[in-house]
Amino acid sequence: MEPLFYATALLCCYSYFLYPLVLRLLPRRSANQSSDQALPRLSLIITVHNESARIRAKLQNTLEIDYPAELLEIIVASDGSTDDTEAIVAGFADRGVRLVRADARKGKEYAQFCAIREASGEILVFSDVATQIPSESLQVLAKEFSDACVGAVSSEDRFISQDGSVAGEGAYVKYEMWLRRLESARAGLVGLSGSFFAARRCVCADWDTSSPSDFNTALNCARLGLVAVSSPGVVGVYSDIANSAGEYARKVRTVIRGMTALSRHPEALNPVRMGQFAFQVWSHKVMRWAVPWFMLTFLVVTVLLQGHGPVFRVALALQGAFYLLALVGWVAPKMRGIPIVRIIFFFVQTNLALAHAAILFLAGRRMTVWEPSKR
């Protein structure tokens, strides 16, 4: 039992703490930057479903972006919207905004695919309605593609809570962006920010409408010998989910979609075919999805080892305090104003969602058609 205790403790920590340390020890890739490359033509694709309340503000934000108008094509891809979204978009036609209607409601990726077929840009930029893009971001993004090895560029997320403070997810997003920078400098990202990323047209040629586009784009880059990178100067700003139940449902949905993608593309886990990219997929995704099961095993083993030494008594006390703080954050939402309660509550909620998603996935649940989260 004692070896299992130490093994599960190590596995609980691996994806979040040990994996970044391993990345820091791996050699960085060399950039192949060209300084005199002209700005490419971009097609900015905004995917929507029943977004009449937010699409006008999103288009206003998009039209204020600092990028040569003759080099920027704006497309709104409607995934079967039934409200006034499409009529609002049509009102922007005289300002260069195009509407592409998916011929059937088959999900976000299918709507993106319909827009890709209509787009004329060398670089395809994908964004959600909830994401605000700072004026200078597309200029910075375009320059990243002057590196011939770069196949896709992901934004760095800036998270704003409802009251303007940094919440649990804000701390998590900061950590995630730091980890992405480490991956970006090695074999490339294993997943992009789905709310704002860009890719070369060749990377989008093999577009899987049943897998999340943020993962499939990173995988396509690795297949082509390119890398997907994160750029600190390419920023997407978004707010938190309006309620914790909605946030939990979003996490479950996201993980089921991620598991579906790996089940459809198991080659991503094969280091013989994909090299270091496969190692990063195992470490960042699979091992993280397994954390709730490692935590459960660690707790059970710790209980069984009581009476076998002070190490196990301390371990049980620490775990008890950890889960007690998470419970406090759930029972008394106001207590989440305390940073340690907020972060522990968010971490436990995340891992419950991971476990829930795994159970649903193994039971046969799949998610293609999506409902945008209300923020």
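Is the crossing of helix 11 and helix 12 left-handed or right-handed? In this predicted model, the two helices cross in the left-handed sense.

Let me set out the geometry first. Two packed helices are described by the angle between their axes and by the distance between those axes. Here helix 11 covers residues 291–304 and helix 12 covers residues 310–331. Their axes come within 9 Å, with a crossing angle of roughly 135 degrees. Helix 11 is therefore oblique to helix 12, given that the antiparallel class begins over 145 degrees.

I turn now to the residues at this contact. Helix 11 contributes M295, F298, L299, T302 and V303. On the helix 12 side, the partners are F312, A315, L316, Q319, F322 and Y323. Of the residues in this contact, nine are nonpolar and two are polar, while none is charged.

Two of the residues just named lead on to the aromatic pairs, of which the model has 13. One of them joins F298 to F5. Their ring centres lie 5.0 Å apart and their planes differ by 40 degrees, so the pair is classed as tilted. F5 belongs to helix 1, residues 2–25, whereas F298 belongs to helix 11; the pair therefore ties together parts that are 293 residues apart in sequence. Both F5 and F298 are buried.

From the helix 12 side, F322 and Y323 meet helix 11, and ring pairs also place F322 and Y323 in a cluster with Y16, Y175, W178 and F347.

To close, I return to the opening point: the crossing of helix 11 and helix 12 is left-handed, and its contact includes no charged residues.

Note on methods: Residues numbered from 1 in each chain as written. Predicted model: local features only at pLDDT ≥ 70, side-chain atom pairs only at ≥ 80, totals over all residues. Heavy atoms only, no water. Axes fitted to C-alpha atoms, helices over the stretch in contact; angles between N-to-C directions. Helix = DSSP H or I, 4+ residues; strand = E, 2+ residues; numbered from the N terminus. Parallel < 35°, antiparallel > 145°, perpendicular 65-115°, else oblique. Left-handed = near helix turned anticlockwise from the far one by under 90°. Contact = heavy atoms within 4.5 Å. Nonpolar A, V, L, I, M, F, W, Y, C, P; charged D, E, K, R; others polar. Phe/Tyr/Trp six-rings, centres within 6.5 Å; stacked < 30°, edge-to-face > 60°. Buried < 20%, exposed > 50% of the residue type's maximum accessible area, 1.4 Å probe, protein only.
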